[in-house]
Amino acid sequence: MSAPVYVEDGCIGCEQCITACPFGAIDMVDGVAVINESCVACGECVPACPVSVIVMTTSEAKVLEGEGVMVYAEMSNGSLHKVSFELLGKARELAAPLSEPVYAVLVGSGVEDSAKELVDRGADKVFVYDDPGLAQFRDDPYSDLLTECCKEEKPSIFLVGATSIGRSMGPRVAAKLKTGLTADCTSLDIDPESIEYVIFNHMEPESKLLQQTRPAYGGNIMATIETTNSTPQMATVRYKMFTEASIVDTPKGEIVNKPVEMSKLTDRIKVLGFEKAGEQISISDADIIVSGGLGMGDPSGFDLMQKLATALGGAVGASRPTIDEGWINYRHQVGLSGRTVRPTVYLACGISGAVQHQAGMKTSDVIIAVNKDPDAPIFGISTLGVVGDLYDVVPGLIEKLKEQGKDA
């Protein structure tokens with residue numbers, strides 16, 4: 001098989017391709033351009049060649065098989081994790097223009113009520129693997145059953161929440177299915193050409209490509225990825241990115257109970273017990289978040305943020321630069337390279353509001369910003385803004401809360 005990029009006869013040695021290549025993948029050998037092993041087939045060199053002797057081969061994507069958008073409905077402490085409803089809502093949105101069904105797959109013990117809830121929220125079919133041996137999550141048996149379900153039902157798209165469970169199990173399922181997986185997605189769309197094909201030809205397109213967008217290079221760029229040669233097209237999706245599926249007026253979905261033979265499943269882990277973490281409120285679940293940025297001046301500013309968060313019954317968040325400086329633990333980071341949050345109230349103190357940070361919190365119901373710079377980008381998305389020193393504003397707010405009986 002020939003390399004994806006190669007140089008035909010006729011190179012004039014102008015070196016314009018070397019200047020255009022962002023990966024240093026072109027060398028000059030005896031006055032002729034030669035593609036080296038660093039090439040990633042980005043194609044930047046092709047239009048740069050003035051004599052058009054650089055060629056990039058393309059392999060045609062095969063017709064993608066399967067029908068339907070399936071989501072893994074994750075259980076958490078005996079009930080459905082909210083990311084399951086977010087995935088279901090997005091699945092309904094993706095499936096609607098293609099007129100395809102929406103599936104959910106549920107694994108656990110005593111999950112009948114959860115299956116009904118998924119039907120109430122618009123799932124056309126809920127595939128249930130219910131067995132006492134599945135009461136506690138383990139990667140091996142869960143991934144075996146999800147793989148089995150995908151092989152039997154053949155969805156074209158399979159979505160998993162980018163939770164600790166999803167991030168551990170999703171790649172295992174993808175490997176068993178020999179398909180690709182895009183991790184930690186923040187946006188999902190169907191290729192517009194697929195939708196246009198349905199509208200104008202009144203029939204299914206040959207390929208229903210899922211455009212999977214995720215942050216790359218530390219959140220500095222957004223990469224859109226397509227799985228063109230295998231199904232299902234798999235993605236893990238960040239929590240708090242999409243709106244939860246609403247309850248439908250007349251649910252028509254079906255619950256399909258699948259057989260479970262525990263003896264035939266891989267199961268290499270024995271769960272001895274669980275110990276609940278005694279940590280502060282997670283920013284992923286908090287209704288109120290008080291976040292600090294470099295504008296605090298030094299790490300001690302987070303003590304003030306914690307006092308305000310405690311008084312409000314919320315959690316402490318942080319911008320990426322404060323994490324990079326080592327001022328606070330990574331689990332507090334809000335933004336593309338941290339966590340995406342969607343609280344009722346988000347207070348940004350000393351945070352300028354870079355696009356990477358905004359992407360992680362701009363869907364909050366109410367955004368309150370405190371910053372000395374009146375031109376700070378954060379004010380562009382704020383519900384309320386205070387131009388001033390946070391060390392003047394925040395202590396005053398804490399005192400007002402104390403007057404109302406709030407402990408700080």
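In the predicted model, the protein chain is organised into 11 helices and 21 strands. Taken along the principal axes, the C-alpha atoms fill a box of roughly 80 × 60 × 45 Å, and of the 408 residues, 46% count as buried. When contacts are restricted to residues at least 6 apart in sequence, 65% of them join residues that are at least 24 apart. The chain exposes about 20500 Å², of which carbon and sulfur atoms supply 49%. With respect to charge, 34 positive and 56 negative sites are counted, and the mean positions of the two sets are 7 Å apart.

The cysteines were examined for covalent pairing, and the count of disulfides comes to zero. For C49, the closest cysteine sulfur is that of C14, and the separation of 6.2 Å is too far for a bond, given that a disulfide requires a pair of cysteine sulfur atoms within 2.5 Å. C49 is nevertheless buried, with a relative accessible area of 11%. C149 is likewise in no disulfide, the nearest cysteine sulfur being that of C150, at 6.0 Å; C149 also counts as buried, at a relative accessibility of 0%.

A further cysteine, C185, is found in strand β11, where its relative accessible area of 0% places it among the buried residues. Leaving aside neighbours within four places in sequence, C185 is in contact with Q212, T213, R214, A235, T236, V237, R238 and M241. Its C-alpha atom is separated by 15 Å from that of S84, a residue 101 positions away along the chain.

Strand β11, which spans residues 181-185, is also one of the elements against which the buried residues of helix α6 pack, the others being β5 (69-73), α5 (139-153), β10 (157-161) and β15 (233-237). Helix α6 comprises 14 residues (164-177), and its end C-alpha atoms are 21 Å apart, in agreement with the 20 Å that should be spanned at 1.5 Å a residue. The buried residues of this helix are I165, G166, M169, G170, V173, A174 and L177. In general, an α-helix has 3.6 residues a turn, so residues three or four places apart point the same way. After the helix comes K178, whose phi is positive, near 55 degrees.

Helix α8 (residues 301-312) can be described in similar terms. With 12 residues, α8 reaches 17 Å from its first C-alpha to its last, close to the 16 Å expected at 1.5 Å a residue. Its buried residues are G301, F302, L304, M305, L308, A309 and A311, and these pack against three strands and two helices, namely β17 (288-292), β18 (315-318), β19 (345-349), α9 (320-324) and α11 (390-403). The residue that follows α8 is G313, which has a positive phi, near 70 degrees.

Several loops carry backbone features that deserve separate mention. The peptide bond from T231 to P232 is cis, with omega near -5 degrees, and P232 lies in the loop between β14 (221-225) and β15. On the other side of β15, in the loop between this strand and β16 (254-257), K240 is located; its phi is near 75 degrees, a positive value in a residue other than glycine. K240 counts as buried because its relative accessible area is 13%, below the cut-off of 20%. A positive phi, near 55 degrees, is also found at N77, again a residue other than glycine. N77 belongs to the loop between β6 (75-76) and β7 (79-80) and, with a relative accessibility of 82%, counts as exposed, the threshold for that class being over 50%.

Towards the other end of the numbering, D375 is found in the loop between β20 (366-371) and β21 (384-387). At 67% relative accessibility, D375 counts as exposed. The C-alpha atoms of D375 and S352, which are 23 residues apart along the chain, are separated by 8.8 Å.

Conventions. Residues numbered from 1 in each chain as written. Predicted model: local features only at pLDDT ≥ 70, side-chain atom pairs only at ≥ 80, totals over all residues. Heavy atoms only, no water. Helix = DSSP H or I, 4+ residues; strand = E, 2+ residues; numbered from the N terminus. Buried < 20%, exposed > 50% of the residue type's maximum accessible area, 1.4 Å probe, protein only. Contact = heavy atoms within 4.5 Å. Areas by Shrake-Rupley, 256 points an atom, 1.4 Å probe, with all protein chains shown as cover. Lys, Arg positive; Asp, Glu negative; His and termini not counted. Charge placed at Lys NZ, Arg CZ, Asp CG, Glu CD. Expected span 1.5 Å × (residues − 1).
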